[in-house]
Amino acid sequence: MSIVFNQLAAAIEAEQPVALISVIKGMGVGNKLVVSPDAEALGSLGNDELDRVAARDALAELEVGRTGLRHYGERGEQARGEEAVTVFVESWAPPPQMVIFGAVDFTAALARVAKILGYRVTVADARPVFATRQRFPMADDLKVAWPDQVFDEIGDLGPLDAVCVLTHDNKFDVPAVVRALETRVGYIGVMGSRKTHDGRTVRLREAGVDDDGLERLHSPIGLDIGGRTPEETAISICAEIIATRAGSQVPSLRDADGPIHVRPLGR
């Protein structure tokens, strides 16, 4: 059993996704299996078929960072009536990533809010005069690079991750969106007015983005809460990310009409 816990501890220490499956009721109470996306499963719950099914289900739970119970028949069948085996799946997933393109004032505010929510934040911009540690001390990583290089270094992104493009520059934001769409990232938001978005859409189609790809974009970025300042905008963006992840129906700027910024009464 120690080898199971050694592998689990090593994965957690390296901030690699890993799940521990433990039989807590029924046949083989105490049996354990540790699984991760890029390694062989270690341990056993009692038989090969139960191990296979439980490992498959645990990897699905791990991808969305979820912990909970699963019920099976003796050999991994879907339990009908009284379960033969109940397992507890504990997921250890690395912090979700937020990649922000564009070293602008809105980026600093968004990075601060994202850190509060537990994201590992990367700020990227090809302009070294703007992408400095002095301006973005809260970022976990600062990349002075173009989007292709950034994505080559980061690799794939998953359903819990987010990409926010705040550049307002087609030389930067179109490649950033195209590369983001090649990943499994759960949220892609792009800043700009509706007019800017319409022009960007033309360029994205010229770059080969289809209707399904455009449907993944949240642009204009954020929820329609009347935010104006960088801090208010950051809150609207993070709220939209949370709502998207939860599958909630919320008033998004993408789905609304009219101007993004409405002058409030008394101002």
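**From a loop residue to the helix packing**

Glu15 is situated in the loop that joins α1 to β1 (18-26); helices here are DSSP runs of H or I with at least four residues, strands are runs of E with at least two, and both are numbered from the N terminus. The structure is a predicted model, in which local features require a pLDDT of at least 70 and side-chain atom pairs a pLDDT of 80 or more, whereas totals for chains, interfaces and linings use all residues. Residues are numbered from 1 along each chain as its sequence is written, and side-chain values use heavy atoms, without hydrogens or water.

Glu15 has a phi near 55°, a positive value in a residue other than glycine. With a relative accessible area of 51%, Glu15 is exposed; exposed means over 50%, buried under 20% and partly exposed in between, with a 1.4 Å probe and protein chains only. A positive phi in a residue other than glycine also occurs at His168, where the value is near 60°. His168 belongs to the loop between β9 and α5. A further backbone feature is the cis peptide bond from Ser219 to Pro220, with omega near 0°. Pro220 is part of the loop that runs between β11 (217-218) and α8.

The protein as a whole comprises 8 helices and 11 strands. Its C-alpha trace spans about 65 × 40 × 40 Å along the principal axes. Of the 267 residues, 44% are buried. Among contacts (heavy atoms within 4.5 Å) with a separation of 6 or more, 60% join residues 24 or more positions apart.

The confidence of the prediction comes next. The pLDDT, the predictor's confidence in each residue on a scale from 0 to 100, averages 89 over the protein, and 92% of the residues score at least 70. Among the elements, helix α1 (residues 2-13) has the lowest mean, 90, and strand β9 (residues 162-165) the highest, 98. Over residues 262-267 the pLDDT falls below 50, and this stretch has 4 contacts in the model beyond near neighbours in sequence. Where pLDDT is low, the predicted coordinates should not be read in detail.

The helix packing can be followed through α5. Two packed helices are described by the angle between their axes and the distance between the axes. The axes of helix α4 (residues 147-154) and helix α5 (residues 170-181) come within 8 Å and cross at roughly 30°; axes are lines fitted to C-alpha atoms, for helices over the stretch in contact, and angles run from 0 to 180 degrees between N-to-C directions. The two helices are therefore roughly parallel to each other, a class for angles under 35 degrees, with over 145 being roughly antiparallel, 65 to 115 roughly perpendicular and the rest oblique. The crossing of α4 past α5 is right-handed, meaning that the near helix is turned clockwise from the far one by less than a right angle, whereas an anticlockwise turn is left-handed. On the α4 side Pro147, Asp148, Phe151 and Asp152 take part, and they meet Phe172, Pro175, Ala176, Arg179 and Ala180 of α5. These residues divide into 6 nonpolar, no polar and 3 charged, where Ala, Val, Leu, Ile, Met, Phe, Trp, Tyr, Cys and Pro count as nonpolar, Asp, Glu, Lys and Arg as charged, and the others, Gly among them, as polar.

Helix α5 also packs against helix α6 (residues 194-206), with axes that come within 10 Å and cross at roughly 60°. That angle makes α5 oblique to α6. In this contact Asn170, Asp173, Val174, Val177 and Val178 of α5 meet Arg200, Arg203 and Leu204 of α6. The division here is 4 nonpolar, 1 polar and 3 charged. The crossing of α5 and α6 is right-handed.

Three buried residues complete the picture. Val150, in helix α4, is buried with a relative accessible area of 0%. Beyond its neighbours within four places in sequence, Val150 touches Val99, Phe101, Ala124, Lys143 and Ala145. Ala108, in helix α3 (residues 105-116), counts as buried at 12% relative accessibility. Outside four places in sequence, Ala108 has contacts with Arg135, Phe136 and Met138. The C-alpha atoms of Ala108 and Ala139 are 8.5 Å apart, with their positions 31 residues apart in sequence. Thr233, in helix α8 (residues 230-246), is buried with a relative accessible area of 9%. With neighbours within four places set aside, Thr233 is in contact with Phe106, Met191, Gly227 and Arg228. Arg228 in turn lies 78 residues along the chain from Val150, and the C-alpha atoms of these two are separated by 29 Å.
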